[in-house]
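User: Could you walk me through how some labels in this model are justified? I would like to see each value set against its cut-off.

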Amino acid sequence: MSFLELKDITKSYGTLNAVSDVTLSVEKGEFVSLLGPSGCGKTTTLQMIAGFVEPTSGTIRLDGRDITHAKANSRGLGIVFQSYALFPHMTVFDNVSFGLEMQRVPKSDRRPRVEEALELVHLAAYAGRYPRELSGGQRQRVALARAIVIRPPVLLLDEPLSNLDAKLREAMQFELRDIQRKVGTTTVMVTHDQAEAFSISDRVVVMESGRITQIDQPYRIYEHPETEFISRFVGKTNLLPGTVQAVNDRAATVSLGGVPVEIDAGALVRGDTVTLCIRPEKLRLTGTGLGRLPGRVAERYFLGSQWLYHIDGPLGTLMAVTPNDGSAPLDTGEPVGLDWTPSVVRVHRGRLAEAPDPTLEAH
Amino acid sequence: MSAAPARLPTPLILSAPAALLFGALILTPLVLTALLSFNEFEHATGRTHGFTVAHYAAVLSDSYYLEIFLRTFRVAALATAICVVIGVPEAYILSRMRNPWRSVFLLVVLAPLLVSVVVRAFGWSMLLGPEGPVNAVLMALGFGRMRLLYNEGTVIVALVHVMLPFMVIPVWTSLQKLDPAVEQAALSFGASRATAIVRVVAPQILPGILSGSLIVFGLSASAFAIPGLLGGRRLKMVATIVYDQYLSDLNWPMGAAVAVLLLAANLIVMLTYHRVVEGHYRRRLG
Ligand SMILES: Nc1ncnc2c1ncn2[C@@H]1O[C@H](COP(=O)(O)OP(=O)(O)OP(=O)(O)O)[C@@H](O)[C@H]1O
Ligand SMILES: [Mg+2]
């Protein structure tokens with residue numbers, strides 16, 4: 001049996017279902033991220049595990065014990081709140097020490113543990129300050145230190161790193177992963193930053209308007225998104241609506257607005273409406289006249305390690321990403337060819353409600 | 001529109017009505033009272049003139065007056081303490097209620113404000129009088145008739161009744177400003193509800209408790225109707241002797257001197273309390 005189990009959890013506020021039928025098993029020592037757009041029910045799910053929101057229906061089990069209706073202060077979880085919820089009248093040191101005090105850790109043992117936790121979040125010098133004397137990111141790190149210092153069996157983190165700069169965020173991600181490895185803490189982290197979810201999670205849970213749409217390893221979520229929503233939400237993607245024109249054993253031909261494109265057959269039949277998803281980094285830019293489609297550079301953006309191009313062509317505007325290998329980038333207006341390997345194309349059944357504007361897909 | 005708008009003393013103009021009202025209705029009478037308190041008083045003619053500090057000397061050297069001052073502040077302090085003990089939990093429970101109950105109970109808490117203090121004081125005196133229902137119950141239970149009126153306890157009870165809303169409202173306001181997640185955070189660390197309230201909620205609503213206490217103390221120390229009606233002739237408080245000086249003895253300068261002393265003492269007590277309590281939370285809560 002899994003360590004933390006949510007079974008058919010639903011939470012309704014009046015007619016709104018903030019969370020619907022969420023079923024999730026987290027193994028002991030696993031790092032799971034809840035990923036989804038704003039308002040999809042991530043915080044609500046976490047709060048139900050924490051015991052601050054009563055599920056309308058369903059059960060939650062922790063280590064074999066039914067905790068669905070257990071009091072929040074009997075669950076012994078370490079929580080980082082989205083709003084930090086620091087104790088404003090206590091110093092940073094006292095904030096972090098509070099949990100230990102509640103666990104009746106002797107005073108002499110508390111100090112080194114608090115100092116160690118503050119060291120971990122790079123705040124050792126701030127122990128004597130009050131929360132209102134800290135910056136947003138510093139407060140967030142105090143919240144993190146406060147949760148990990150008690151060495152809880154389960155850590156619930158609600159966007160614990162959202163306010164940190166890229167470098168610090170990476171360092172904290174590393175620390176979180178490290179704690180989880182060393183101490184074996186089971187961690188459930190809420191984030192809407194997919195890069196963060198991918199880089200430190202064992203598994204990612206994608207949520208969409210209160211429901212779980214996919215639970216998988218980060219790599220699988222990215223490469224094999226089960227719905228078109230996920231492929232759009234996770235990373236950038238080109239979505240191309242079309243109709244299956246012909247199918248043989250190995251390949252199918254899809255007509256995209258009159259342009260035929262070959263893909264791996266799968267279980268498609270002639271006449272199916274489909275949407276093709278191609279990740280920008282899987283599109284290769286080739287010389288004019290080569291490749292599968294012709295195009296012309298409409299815009300280019302410098303992303304540091306990569307170049308992002310918007311390429312106008314017969315399928316509309318497509319995004320393509322090439323590594324910044326030091327060579328000169330393409331200029332706007334330059335004609336190019338577009339090529340890809342058929343196996344990288346993901347196929348979703350059904351058509352988009354409306355053709356997506358690639359510039360809005362950037363996440 | 002030719003004048004440069006930046007030149008207009010807009011803040012002054014906007015605050016002028018309030019300043020005028022304050023000056024006309026509060027400062028002027030206060031200054032006049034203070035001036036009056038230094039006038040000499042002739043018992044024979046009732047005329048007031050000249051300059052003397054004799055009234056202050058008389059009040060400050062007479063143990064009769066000192067006792068009344070002490071009683072007044074004792075009663076006010078006790079009423080304030082009881083208001084804290086009752087009003088703070090009341091506000092907390094109120095803030096935890098859900099609508100519609102919350103609105104209903106908030107109305108119940110505030111309802112006393114809608115009834116005149118005099119009416120409420122009469123209510124208490126009828127309730128506690130020798131023929132009142134409380135005594136009737138006591139008689140029926142075999143305790144015999146008790147003298148419930150005209151003592152400090154009764155005055156304190158009635159003051160608490162009148163002042164409670166002034167404690168509940170500021171505390172309630174500061175509770176509204178709390179992030180509920182902060183209390184939840186305390187619970188998540190295994191704190192009991194009581195510990196969470198004492199260690200986390202109470203310190204944060206200290207400003208509310210402070211302003212509530214100051215209002216209740218100030219109003220209680222200068223209360224007139226309640227001690228006047230429920231304290232009777234024997235149990236005097238400062239406000240009632242001011243009244244006596246003005247209207248029975250017709251010694252206006254003396255009454256003014258007592259009033260000024262009450263104001264001064266009140267200010268000193270309140271400012272001290274404010275400084276002491278505020279010193280504790282200033283840096284933390286800003
Ligand atoms: N107490 C409440 N009463 C009514 N509706 C609520 C309540 N709490 C949350 N909701 C609604 O439930 C939905 C899910 O909210 P939740 O806070 O779980 O979102 P979230 O995924 O954490 O979003 P974000 O990324 O913005 O933090 C939202 O539509 C929200 O408006
Ligand atoms: Mg949230």
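**Labels and their cut-offs**

Analyst: Happy to start with Ala117(A), which is buried because its relative accessible area is 5%, and buried means under 20%, exposed over 50% and partly exposed in between, with a 1.4 Å probe and protein chains only. This is a predicted model, where local features need pLDDT of at least 70 and side-chain atom pairs count only at pLDDT 80 or more, while totals for chains, interfaces and linings use all residues. Residues are numbered from 1 along each chain as its sequence is written, chains are lettered from A and ligands numbered from 1 in the order in which they are written, and side-chain values use heavy atoms, leaving out hydrogens and water.

User: What does Ala117(A) touch?

Analyst: Leaving aside residues up to four places away in sequence, Ala117(A) touches Val96(A), Ala145(A) and Val149(A); contact means heavy atoms within 4.5 Å.

User: Why is Ala186(B) called buried?

Analyst: Its relative accessible area is 0%, so Ala186(B) counts as buried. Beyond four places in sequence, the residues Ala186(B) touches include Phe87(A), Phe98(A) and Ala196(B).

User: Why is Cys40(A) not bonded to Cys277(A)?

Analyst: A disulfide is a pair of cysteine sulfur atoms within 2.5 Å. The closest cysteine sulfur to that of Cys40(A) is in Cys277(A), 20 Å away, so it is too far for a bond. Cys277(A) is therefore in no disulfide, and the count over all chains comes to 0.

User: Are these two cysteines buried or exposed?

Analyst: Both are buried: Cys40(A) has 2% relative accessibility, and Cys277(A) has a relative accessible area of 3%.
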